[in-house]
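Here is a short walk through one protein, meant to be read with the structure open beside you. We will start with a loop and work towards the sheets, the charged pairs and the cores.

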Amino acid sequence: MAYRNVEILLLQINDEPMAHTRVDIVFSPSSYDANGFYLRQRQSFYTDKDGKVTARLWVNELGDVDSRYSVYSADGDLLAEFILPNGTSTIPLTALVQGGSSTVAPQATSLITYLVDAIPNDGVYQALAITTVGQTSFVLSVIPSQPHRSRLYLNGVKQRYGVDYVINSTTLTWQGVRLAPTTDTLEIYYL
């Protein structure tokens, strides 16, 4: 089973941290994979003195339905709802909920927004157009100075240079196991 850390920061209206406060995270029972359905589960976490907590949550890496979670205060108030994307990096709760919950994968937009904000201003961001099912070749707008340091994301999930893709001049060649259908998003950052 795969897990991913989600960072949560709770603040009061006056920006003071909510220290030693319980946060309940409820897993939605709508996720399933080849092994079967996963039942509703509630986990409780407590913030530290700075109002922070890192929750280790299950990611449905094999299933057709994403892992959906709801975050509640100790009083039972709904604080946030989100879909947890596949991946291994720690992700802030704010990046997950910025995209809302009305789209199929709201975290993709908000995660990309979060990553764009984290990139130095001298980097290049490019959304790659996927025009055909099984497409493997993409044209970059400029030649990356350090292609091995590029960051490529398929639906918000980081891909590995040299394994999932390679870059030669302005051509990115997709060689990942999963071919990108026209409904997926492929985005790259490079210097």
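In this predicted model, the loop between β1 (2–9) and β2 (22–27) holds aspartate 15. Have a look at the backbone there: aspartate 15 has a positive phi of about 70 degrees, although it is not a glycine. Is aspartate 15 buried or exposed? With a relative accessibility of 58%, aspartate 15 counts as exposed, because the cut-off for that class is over 50%.

A second residue with a positive phi sits further along the chain. Serine 169, also not a glycine, has a phi near 60 degrees. Its place is the loop between β14 (165–168) and β15 (171–174). At 41% relative accessibility, serine 169 is partly exposed.

**The overall picture**

Stepping back, the protein has 191 residues, and 40% of them count as buried. Its secondary structure consists of two helices and 16 strands. If you take the contacts between residues at least 6 apart in sequence, 59% of them join residues at least 24 apart. The accessible surface is about 10,800 Å², and carbon and sulfur atoms account for 51% of that area.

**Two open sheets**

A word on sheets in general may help: strands pair through backbone hydrogen bonds, in either a parallel or an antiparallel way.

Which order do the strands take in the open sheet of four strands? The order is β5-β2-β7-β8, and the pairing is antiparallel. At the edges are β5 (41–46) and β8 (78–84), each of which pairs on one side only. From one strand to the next, the twist averages 20 degrees. Within this sheet, β2 and β5 are joined in the antiparallel sense over six bridges. If you want a spot to check by eye, isoleucine 25 stands opposite glutamine 43 in β5.

An open sheet of three strands, again with antiparallel pairing, runs in the order β11-β15-β14. Here the edge strands are β11 (137–139) and β14, and each pairs on one side only. The average twist in this sheet is 25 degrees from one strand to the next. The pairing of β14 with β15 is antiparallel and spans four bridges, and valine 166 stands opposite threonine 173 in β15. Serine 169, met above, lies in the loop between these two strands.

**Charged pairs**

How many salt bridges does a search of the whole structure find? The count is four, and the table lists three of the pairs with the distance between N and O atoms.

| Pair | N to O distance |
|---|---|
| Arginine 22 and aspartate 24 | 3.0 Å |
| Lysine 49 and aspartate 50 | 3.5 Å |
| Arginine 160 and aspartate 164 | 3.4 Å |

The surroundings of these partners are worth a look. Aspartate 24 is buried, at 4% relative accessibility, whereas its partner arginine 22 is partly exposed, at 28%. Arg22 and Asp24 also belong to a network of salt bridges that includes Arg42. Lysine 49 counts as exposed at 58% relative accessibility, while aspartate 50 is partly exposed with a relative accessible area of 37%. In the pair with arginine 160, aspartate 164 is buried, at 8% relative accessibility.

**Nonpolar cores**

In soluble globular proteins, nonpolar side chains tend to be buried together. The largest nonpolar core of this model has 21 residues. Val6, Ile8, Ile25, Leu57, Tyr69, Phe82 and Leu84 have the most contacts inside it. At least two residues each come from β1, β2, β6 (52–59), β7 (67–73), β8 and α1 (93–97). Which strand gives the most to this core? That is β6, with five residues.

Apart from this core lies another one of 13 residues, including Ile130, Leu140, Leu152 and Ile167.

To see the larger core from one of its members, centre your view on valine 6. Leaving aside residues up to four places away in sequence, valine 6 touches Val53, Thr54, Ala55, Leu57, Phe82, Leu84, Ile91, Leu93 and Leu96. Isoleucine 25 is also worth revisiting: this residue is among those with the most contacts inside the largest core, and it stands opposite glutamine 43 in the sheet pairing described earlier.

Terms used: Residues are numbered from 1 along each chain as its sequence is written. This is a predicted model: local features need pLDDT of at least 70, side-chain atom pairs count only at pLDDT 80 or more; totals for chains, interfaces and linings use all residues. Side-chain values use heavy atoms; hydrogens and water are left out. Buried means under 20% relative accessible area, exposed over 50%, partly exposed in between (1.4 Å probe, protein chains only). Contact means heavy atoms within 4.5 Å. Accessible areas come from the Shrake-Rupley method with a 1.4 Å probe; for residues, only the protein chains shown count as cover. Two strands pair if DSSP finds at least two bridges between them. Axes are lines fitted to C-alpha atoms, for helices over the stretch in contact, and angles run from 0 to 180 degrees between N-to-C directions. A salt bridge is a side-chain nitrogen of Lys or Arg within 4 Å of a carboxyl oxygen of Asp or Glu. A nonpolar core is a set of buried Ala, Val, Leu, Ile, Met, Phe, Trp, Tyr and Cys residues joined through side-chain atoms within 4.5 Å.
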